[in-house]
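Hi,

Here is the structure I promised to hand over. Could you take a look, and then read my notes on what turned up in it?

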Amino acid sequence: MTKEEYMGVQVSPLSYEEITQQLKQRVAQGEQSTIIAVNPEKIMKSQTDETLRDLINGSTFQIPDGVGVLLASRLKGGDINSRVTGVDMMDRLLQLSADEGYRVFFYGAKEEVVTKAIENIQQKYPAIQVAGYENGYAQDQEALIQKIQDSNADVMFVALGSPKQELWIRENKERLPVKVFQGVGGSFDVFAGHVKRAPAPFRKVGMEWFYRLATDPKRFKRQLALPKFLWRVITKK
Ligand code: UDP
């Protein structure tokens, strides 16, 4: 699979359909896969944070979450022509799991959030097989590992925030039976209905960031990464 590279950070140019197809094959072959969301903020941070860059580049699928990576690909004549967001990727993976009978484990967020998210997911995908769950504040890591091993999970969503969730996946994946890991940040909060996504018209035209900024001005500093990132991409020979 050819990746695109922005300032030393790899991004997968695949669509939701292509990723789910590949995941299906990889699960059938018993191969482990990891999915990580990439955005301009993480790419900028990777310039000085080698651990983060290695975490991203060491993943199987680096999904272009955020309009910034899409713009960079356009400017550089790349092939990325739509966003692949963490929360929508999770939704596709839930659909695939329900269709294929994959067992799903949910780890992360507050107890009431993860349980509500699972309840809503079970309503949306009645065929889903929930292998188990744990909130993101578990103290006994060994007990958690045992629980996941016993659950025979095929797919696991880890919602501890980034890069905590990716570090957790990297550290533990070898001793787990899980075939597909996705670090999903605040997505359990979205599935639980605790965090509202931007209305569809904003999302359709790639303006989710604008909606978020307008409703949560604290994000301004984080979003400064976008113009800086685009400037670097344009001026880099
Ligand atoms: N979280 C957790 N354990 C921790 C820290 C955070 O389970 O030790 C959860 C938190 O409850 C929230 C999610 O991780 O559900 C963090 O989401 P956030 O939107 O901050 O992550 P981002 O997408 O920005 O990486």
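At the start of α7, a side-chain oxygen of D140 comes to within 3.2 Å of the backbone nitrogen of E142. Please keep in mind that this is a predicted model. The helix covers residues 141-151, and its buried residues are L144, I145, I148 and S151. Looking down the axis of α7, these buried residues fall within an arc of 125 degrees, so they line one face of the helix.

What does that face pack against? The buried residues of α7 pack against three strands, β5 (103-108), β6 (129-134) and β7 (155-159), and against the helix α8 (164-172). After α7 comes N152, which has a positive phi, near 55 degrees.

The strand β7 deserves a closer look. Five of its five residues are buried. In a regular strand, side chains alternate between the two faces of the sheet. In β7 both faces are covered: V155, F157 and A159 are buried on one side, and M156 and V158 are buried on the other.

Which strands are joined to β7? One of them is β5, which runs parallel to β7 and is joined to it by five bridges. Another is β8 (residues 180-183), also parallel to β7, with four bridges between the two. F157 makes a handy landmark here: F157 is the bridge partner of F106, and F157 also stands opposite Q182 in β8. From β7 the chain crosses through α8 to β8, and this β-α-β crossover is right-handed.

Since you may want to look at the ligand, here is what I have on its surroundings. There are 13 residues around the ligand, and A109, G136, Y137, K164 and D189 come nearest. The polar contacts with ligand oxygen atoms include these:

- K164: an N or O atom of the side chain is 2.5 Å from an oxygen atom of the ligand.
- A159: a backbone N or O atom lies 3.1 Å from an oxygen atom of the ligand.
- G186: a polar backbone atom is 3.4 Å from an oxygen atom of the ligand.

Two of these residues link back to the elements above. A159 is one of the buried residues of β7, and K164 belongs to α8 (164-172), the helix through which the chain crosses to β8.

Happy to talk any of this through once you have had the model open.

Best wishes

How values were computed
Residues are numbered from 1 along each chain as its sequence is written. This is a predicted model: local features need pLDDT of at least 70, side-chain atom pairs count only at pLDDT 80 or more; totals for chains, interfaces and linings use all residues. Side-chain values use heavy atoms; hydrogens and water are left out. Buried means under 20% relative accessible area, exposed over 50%, partly exposed in between (1.4 Å probe, protein chains only). The arc is that of the directions from the helix axis to the C-beta atoms. Contact means heavy atoms within 4.5 Å. A polar contact is a pair of N or O atoms within 3.5 Å; within protein, one must be able to donate a hydrogen and the other to accept it, and residues adjacent in sequence count only if both atoms are side-chain atoms. Two strands pair if DSSP finds at least two bridges between them. A crossover is right-handed if, with the strands pointing away from the viewer, the path from the first strand over the helix to the second runs clockwise. A residue is near a molecule or strand if one of its heavy atoms lies within 4 Å of it.
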